[in-house]
Amino acid sequence: MNWMTLVARHSRSSGAPGTATLPARSIPRLVLTGEHDVFLPPRRLGPAVHAALGAELGVISEAGHLLVEERPEYLSTLLEIPGQPAPDAPTG
């Protein structure tokens with residue numbers, strides 16, 4: 001079994017940052033996770049993102065928890081046109 005899967009299944013972080021204060025104004029948000037993220041699985045993260053931010057969770061296929069390391073080229077395309085998702089951006 002993968003070491004990261006074992007860690008995710010059998011430990012809980014005590015260094016959670018707590019709840020963030022969100023701005024009162026409405027701003028576009030894009031929240032992404034990997035389909036194989038064992039720390040923040042899409043099935044658990046999706047409802048929390050929707051409830052807290054009013055946003056839909058985008059799920060990146062064949063990726064895990066470390067999207068910045070696993071899919072840096074894809075993430076950089078999301079910044080090319082601010083406020084506009086990339087043509088192949090996840091929709092939820």
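**Group meeting: a walk from Glu35 into the core**

Okay, let's start with Glu35, which is partly exposed at a relative accessible area of 36%. By that I mean in between buried, under 20% relative accessible area, and exposed, over 50%, using a 1.4 Å probe and protein chains only. The areas themselves are Shrake-Rupley values with a 1.4 Å probe, and for residues only the protein chains shown count as cover.

Before I go on: this is a predicted model, where local features need pLDDT of at least 70 and side-chain atom pairs count only at pLDDT 80 or more, while totals for chains, interfaces and linings use all residues. Residues are numbered from 1 along each chain as its sequence is written, and side-chain values use heavy atoms, with hydrogens and water left out.

So, the overall layout. The chain has four helices and two strands, in the order α-β-α-β-α-α from the N terminus. Those are DSSP runs numbered from the N terminus: H or I with at least four residues for a helix, E with at least two for a strand. Of the 92 residues, 27% are buried. About 7000 Å² of the chain is exposed, and carbon and sulfur atoms supply 57% of that. Contact, for me, means heavy atoms within 4.5 Å. Among contacts with a separation of 6 or more, 58% are between residues 24 or more positions apart.

Back to Glu35, then. You'll find Glu35 in the loop between E1 and H2. Setting aside residues up to four places away in sequence, Glu35 touches Pro42, Val59, Ile60, Ser61, Glu62 and Ala63. Its C-alpha is 9.3 Å from that of Gly58, which is 23 residues away along the chain.

That same loop between E1 and H2 also holds Asp37. Buried or exposed, this Asp37? Buried, with a relative accessible area of 5%. Outside its neighbours within four places, Asp37 is in contact with Pro42, Ala63, Gly64 and His65. Asp37 and His65 are 28 residues apart along the chain, yet their C-alpha atoms are separated by 4.4 Å.

On to the strands. Thr33 is in strand E1, and at 2% relative accessibility it counts as buried. Beyond its sequence neighbours within four places, Thr33 contacts Leu40, Pro42, Leu45, Leu57, Gly58, Val59, Ile60 and Leu67. Gly58 sits in strand E2 and is buried as well, with a relative accessible area of 2%. C-alpha to C-alpha, Gly58 is 8.4 Å from Gly34, which is 24 residues apart from it in sequence.

Now helix H2, residues 42-53. Here Pro42, Leu45, Gly46 and Val49 are buried. Why do I say they line one face? Looking down the axis of H2, the buried residues fall within an arc of 105°, so they do line one face of the helix. The arc is taken from the directions from the helix axis to the C-beta atoms. As a reminder, an α-helix has 3.6 residues a turn, so residues three or four places apart point the same way. On the other side of H2 you get Arg43, Arg44, Pro47 and Ala51, which are exposed. And the cover over the buried residues of H2 includes strands E1 (31-34) and E2 (57-60). After H2 comes Gly54, with a positive phi near 70°.

There's another positive phi, in a residue other than glycine: Glu62, near 55°. Glu62 is in the loop between E2 and helix H3 (67-70), and it is exposed, with a relative accessible area of 69%.

What about the nonpolar cores? I'm calling a core a set of buried Ala, Val, Leu, Ile, Met, Phe, Trp, Tyr and Cys residues joined through side-chain atoms within 4.5 Å. The largest has seven residues: Leu32, Ile60, Ala63, Leu67, Tyr74, Leu75 and Leu78. A second, separate core of five residues includes Leu45, Val49, Ala55 and Leu57. Going back to Ala63, it touches Gly34, Glu35, His36, Asp37, Glu70 and Arg71, not counting residues up to four places away.

Last stop, Tyr74. Which residue lies over its face? That's Arg71, at 5.6 Å from the ring centre. The rule there is NZ of Lys or CZ of Arg within 6 Å of the ring centre and within 35 degrees of the ring normal.

Okay, that's my tour.
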